[in-house]
Amino acid sequence: MQFQRISKAYGQNCIFDEFSLEITKRTILSVVGPSGEGKTTLLQIAAGLIQPDSGIVIKEVEEEGSISYLFQEPRLLPFSTVFTNVELALRSFLSNKKEREESALHYLRMVGLADSMGLYPDQLSGGMRQRVAIARAFAHPSKLMLLDEPFQSLDIKLKVTLVNSFLRLWEESPRTTLFVTHDPKEAILLGDAVCCLGDPKKPLLYQQIHIPRNARNIGDQTLLALEASLVQTLVGA
Amino acid sequence: MSSLKRSLILFFSSAFLLLLWQVGSVMLDSQILLPGLGPVFSALVELVRQKPFTTNVFSTVVRALESFLIIVASATVIGIAAGRYPLLSLALKPFVTVLKAIPVMSIILLAFIWFTSGTVPLFSAFLMGFPVMYVQIEGGVRQKDRLLDEMCRLYDIHGKDKLIHYTIPSLLPFFVIGSRATLSMVWKVVIAAEVLTVPRFGVGSRMQLAQVQLETDQVLSWTLIAILLTALGDLLFDSLAWSLRKLKKHVDARRVECSSKG
């Protein structure tokens, strides 16, 4: 997917000015940046929720179609069970009820919620709700995945559990993913590449990460150096 | 709060109300101004035994239900449309404001000039009850969660699925609150209109006749019947809402059970 020379301004506030960025097919691009520098705008343009003032978004054939969007909050339907919340995301694509139910069940098992599928969102903890949202995002047969800080404001243990659930599902069904976060560590652990916003014209930093995801350790010298340069860029932005 | 504690509080506050009534009656010492509990309950038993009692109550109930159903159907449709289209909401605003502000008696008196006595309660109740229901439904549609709407769009949840799993459940609380308030309003207006227009049968007609003959015990007996009708309406609503919630949970649980068994 490519953002080609996109511009977007809210009144006098210019967010993007002929900004270009490319995400390699079936990889995760982590996007970090200070608040108000266009991280969510970038996702919304990718999702087609807002249109750029100029410029285009080019998607490859296999990235066209539905989108899975993981929001900052789980956005579950409050009157439907965990199971129905996931299964509903499949209805437009799978007409066979049995296949649909099996698929929903599979993703709920993958996030460890098979025993809670009869519960309603208000009966779940915050972490469980976000796991349902992850299961729904993967159950939805999309080609493009957009993540808007879905792990923010969670304690470290829960964050690790959710990141692991996410990665397990992503490895099973890799999709082009744009992952927006405030946290440089999260960005490095999940991304195949990391990009830092802060200048409307171009990314302040763009770095590929060649270490395989399952071999990454945040104590690793290369990753520590990348984290330090990300932090430095963010502070200077 | 436990249900026992709730019941005890309700019991004692009702008993206090009856005690106030009895004390007032003893102090005034006048069967015309305020008869005591005993004579009123005797009059009530006597009324229930008389043959036209059922016809009187039935006529009022039919008028109230007719108006109520017309209000619910029309205000729901128009309220949903106004919630979705701000221009329609704006166009309806003067009508709704006038209906909310106009005194009940003005409507009843005007309706009495225009229609026959049997139609007046129906017409007046409609005009008074419509804005109550309309405001709730319109507000419900407007307050729909924009974020959930966006989620439904992105996850391709459309049409029937969106209606059943999102739109109807999110509107239901507004519908129940609006219906309850409307029904309470409808009882009051229908009976008030019957008092003024005196149709052949009706709780309000009987009240008016009793008042003319200074039979205060009968006026109070009919008032108690009107209160009972309102309370029964509320109870019916609560039971209906409870049964629907229970049924939905049962259907959901059954679905999950079937799916997990594969």
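This is a short walk through a two-chain model, from a sheet in chain A to the contact with chain B and then to some helices of chain B.

Okay, some ground rules. What we have is a predicted model, where local features need pLDDT of at least 70, side-chain atom pairs count only at pLDDT 80 or more, and totals for chains, interfaces and linings use all residues. Residues are numbered from 1 along each chain as its sequence is written, while chains are lettered from A and ligands numbered from 1 in the order in which they are written.

Let's start with the sheet in chain A. Helices and strands here are DSSP runs, numbered from the N terminus: H or I with at least four residues for a helix, E with at least two for a strand. Six of those strands make an open sheet, and the order across it is β5-β6-β7-β3-β8-β9, with mixed pairing. Two strands count as paired if DSSP finds at least two bridges between them. At the edges sit β5 and β9 (205-208) of chain A, each pairing on one side only. From one strand to the next, the twist averages 15°. And there's a helix lying on this sheet: α7 of chain A, residues 221-236, touches β3 (28-32), β8 (193-196) and β9 of chain A, and its direction makes about 20° with that of β8(A). For angles like that, axes are lines fitted to C-alpha atoms, for helices over the stretch in contact, and the angles run from 0 to 180 degrees between N-to-C directions.

Now zoom in on β6 of chain A. How many of the residues of β6(A) are buried? It's 5 of the 5, so the strand is largely enclosed by the rest of the structure. Buried means that 20 or more other C-beta atoms lie within 10 Å of the residue's own; 12 or fewer is exposed, anything in between is partly exposed, and the C-beta atoms are placed from the backbone. A bit of background: in a regular strand the side chains alternate between the two faces of the sheet. In β6(A), L144(A), L146(A) and D148(A) are buried on one side, and M145(A) and L147(A) are buried on the other.

Who are the neighbours? β6 (residues 144-148) and β7 (residues 176-181) of chain A run parallel, joined by 5 bridges. Across that pairing, L147(A) stands opposite F179(A), and L146(A) faces L178(A). With β5(A), the pairing of β6(A) is parallel too, over 4 bridges, and there L147(A) is the bridge partner of L70(A).

Staying with β5 of chain A, one residue in that strand is S68(A). S68(A) is buried, with 24 other C-beta atoms within 10 Å. Leaving out residues up to four places away in sequence, S68(A) touches A137(A), H140(A), S142(A) and M145(A). Touching, or contact, means C-beta atoms, placed from the backbone, within 7 Å.

Follow the chain on from β5 and you get a loop leading to α2 of chain A, and R75(A) is in it. R75(A) has a positive phi, near 50°, and isn't a glycine. R75(A) is buried, with 23 other C-beta atoms within 10 Å.

So how do the chains meet? 22 residues of chain A are in contact with 17 residues of chain B. On the chain A side, β5, α2 (82-88) and α3 (97-110) each supply at least two residues, and α2(A) gives the most, with 3. By class, that side has 11 nonpolar, 7 polar and 4 charged residues. Ala, Val, Leu, Ile, Met, Phe, Trp, Tyr, Cys and Pro count as nonpolar, Asp, Glu, Lys and Arg as charged, and the others, Gly among them, as polar.

Over to chain B. In its helix α7 (residues 146-154), M151(B), C152(B) and L154(B) are buried. They're on the same side of α7(B), because they cover an arc of only 165° around the axis, taken from the directions from the helix axis to the C-beta atoms. What covers them includes α1 (39-47) and β5 (67-70) of chain A, together with α8 (159-197) of chain B. Just after α7(B), D156(B) takes a positive phi of about 55°.

Last stop: L214(B), in the loop between α9 and α10 (216-261) of chain B. L214(B) is not a glycine, yet its phi is positive, about 55°. Buried or exposed? L214(B) is exposed, with 10 other C-beta atoms within 10 Å.
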